[in-house]
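Work through the exercises below with the sequence and the model open. Try each task before reading its solution.

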Amino acid sequence: MGGMVKIGHQHMRLLMLFALLTNVSCLTTALCKPPIAKTAVNINRKDSQLAGERVRGGMPMSGEWLVLIMMFLSRAACDRAWAFFLSVLVDSRSGSILFIFRTIVQFAFGYFVTRREYGWLDLHNALHAKLLLLVQQVSFFALAACLQRFYLGQKLPSAVGMVLAGICSGVEVTSSRHFKNVKGKRDVYLIALKSISRNENPDVAITKANALLSRIDLACATLSPLAVSLLVSSYGRALTLACLIAAQVTTAVANLFLLSSGEAETTGPKAKSLTSKKEAKRSAEEPQKVPWQIHTLVFAYSLLFFTVVSPNGLFNMYLRESGMPNHQIAMFGSTAQFSGVISTVLVYHMINRWGIIRTGLASQALQSVCVIAAAVSVRRRRMADAAVFCTLSRLGLWGFILCERTMIQKHTRARMQVFTTETSLTEVMSLFMFVCSLASNNFQLLCWMSAAATSACTLLIGLVYLVPLEEQ
């Protein structure tokens, strides 16, 4: 292409080395800064579970929200853009190898975390959050180097190379996802508790807070495919990779300064400063109960990842191999994610009218119908129709996700353990689907398997609806 800007391989290596050194220097500087102390004040409330967790940090609530949103937004934007670039860069065969080993790494992380409690994974200490970002950045640059060598260089991807890329991708995704989980599933809940008024429905208030961060994530998912597709078509893949590297460096530096200022610790100090030694010992001896309904919801949620009917990953690869141009795939991905944004706006109105479990069941039923319709469209070789039904399925998906997340946050104290277990199960389901995609290249069969898993999820939610959760 005559007007395309090209970057030499040597220049790309120098750019990546410079970016990595910048990250290391900023991290070293940030790690040396001592954290800022905070005080905590318990707020009395009739609900005993909420009373022990409504803690006030040392900064105004508006400041806590601002810091949380900035950190979550920066990571969501980078993750979404990188995920789409990866899905349109690799082919289905080598991409499946990469995704399988990435999933293995993520599952291994979840397995070891759930078997033993690691206090540093709570990220209450800013130092631990900085170290997690360091691991994420190093693994990102290693993955970028592998992709630059195989897809932007002259060498063809090898099996060993894709395994190495998959491991690097797994470490990068696991680190970034855990950081976002702490901010978007635990911290947002604790901050939201402070703003609940006496006459306000807690389910609605917590769901609104969850929906806010979900809209941010989905907005990034909506705009990222368009931005990446525009960069690739205008300037080529090499310059697009350079832009993504620059975005990673910028967001990492910004997050490090936020962490160093002490403002990232929005959940207050550690548990030892909140309770006496006697209370802490009694709390440690008492097991944190997780209702069987929560376990059922977690398993039902994981079934949704045994799918190819999703606007990323394998679905994009098959759309591209069916002849759909990259810009149309980008439009499809953005439209599908925007459907999720609409769902996050509607869901708490539905909860206020129907209740949280009925809303979750209705949302998941809508998704099941759309996935079945997409499978029928693929059978009739109407890939455009399948993309439309996939887009509509996101309305139900995000409605259910927000309901499920709110129920976990409200009905158990072991939130991070439950969410980590949930992530581990989702990786197992994703791994099964990637293995199936390697064993069979029959996209119709994969779509029907996705429809079966989605329908099973709906049945499990119906079981929870019949035996509702009780307040602890």
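**Exercise 1. Place Gln137: find its helix, decide whether it is buried or exposed, and name its side-chain partner.**

The model is predicted. Start with the position. Gln137 sits in helix 5, which covers residues 126-150. Next, check accessibility. The cut-off for buried is under 20% relative accessible area. Gln137 has 1% relative accessibility, so it counts as buried. Last, look for a partner. The Gln137 side chain makes a polar contact with the side chain of Gln248, at 3.0 Å.

**Exercise 2. Describe the second largest cavity: its volume, its lining residues and the helices that supply them.**

Begin with the count. The model has 5 cavities of 30 Å³ or more. The second largest holds about 90 Å³ of space. Now list its lining: Gln106, Phe109, Gly110, Thr174, Arg177, His178, Asn181, Thr420, Thr423 and Ser424. Assign these to helices. Helix 4 (92-115), helix 6 (159-194) and helix 16 (415-439) each supply at least two lining residues. Helix 6 gives the most, with 4 residues. Finally, sort by class. The lining has 8 polar, 1 nonpolar and 1 charged residues.

**Exercise 3. Find which residues touch the most other members of the largest nonpolar core, and which helix gives the most to this core.**

Take the core as a whole. It has 86 residues. Those touching the most other members are Trp82, Leu147, Val308 and Phe443. Then turn to the helices. Helix 15 (residues 383-411) gives the most to this core, with 12 residues. Do not merge in the second core, which is separate and has 13 residues, including Leu123, Leu133, Leu258 and Met416.

**Exercise 4. Test whether the end-to-end distance of helix 14 agrees with its expected span.**

Helix 14 runs over residues 356-379, which makes 24 residues. The expected span is 1.5 Å times one less than the number of residues. For helix 14 this gives 34 Å. The end C-alpha atoms are 35 Å apart, so the distance agrees with the expected span. Now look past the helix. Arg381 follows helix 14 and has a positive phi, near 60 degrees.

**Exercise 5. Locate Trp292, classify its exposure, and give its C-alpha separation from Val464.**

Trp292 lies in helix 11 (residues 292-303). Its relative accessible area is 40%. Partly exposed covers the range between under 20% and over 50%, so Trp292 is partly exposed. Then compare chain and space. Trp292 and Val464 are 172 residues apart along the chain, and their C-alpha atoms are separated by 9.1 Å.

Definitions and conventions: Residues are numbered from 1 along each chain as its sequence is written. This is a predicted model: local features need pLDDT of at least 70, side-chain atom pairs count only at pLDDT 80 or more; totals for chains, interfaces and linings use all residues. Side-chain values use heavy atoms; hydrogens and water are left out. Buried means under 20% relative accessible area, exposed over 50%, partly exposed in between (1.4 Å probe, protein chains only). A polar contact is a pair of N or O atoms within 3.5 Å; within protein, one must be able to donate a hydrogen and the other to accept it, and residues adjacent in sequence count only if both atoms are side-chain atoms. On a 1 Å grid over the protein atoms alone, a cavity is a set of points where a 1.4 Å probe fits but cannot get out, and a pocket is an open set with protein on both sides within 12 Å along at least five of seven lines; lining residues have an atom within 4 Å of a point. Grid points are joined across faces, edges and corners, and a volume is the space filled by probe spheres set on the points. Ala, Val, Leu, Ile, Met, Phe, Trp, Tyr, Cys and Pro count as nonpolar, Asp, Glu, Lys and Arg as charged, and the others, Gly among them, as polar. A nonpolar core is a set of buried Ala, Val, Leu, Ile, Met, Phe, Trp, Tyr and Cys residues joined through side-chain atoms within 4.5 Å.
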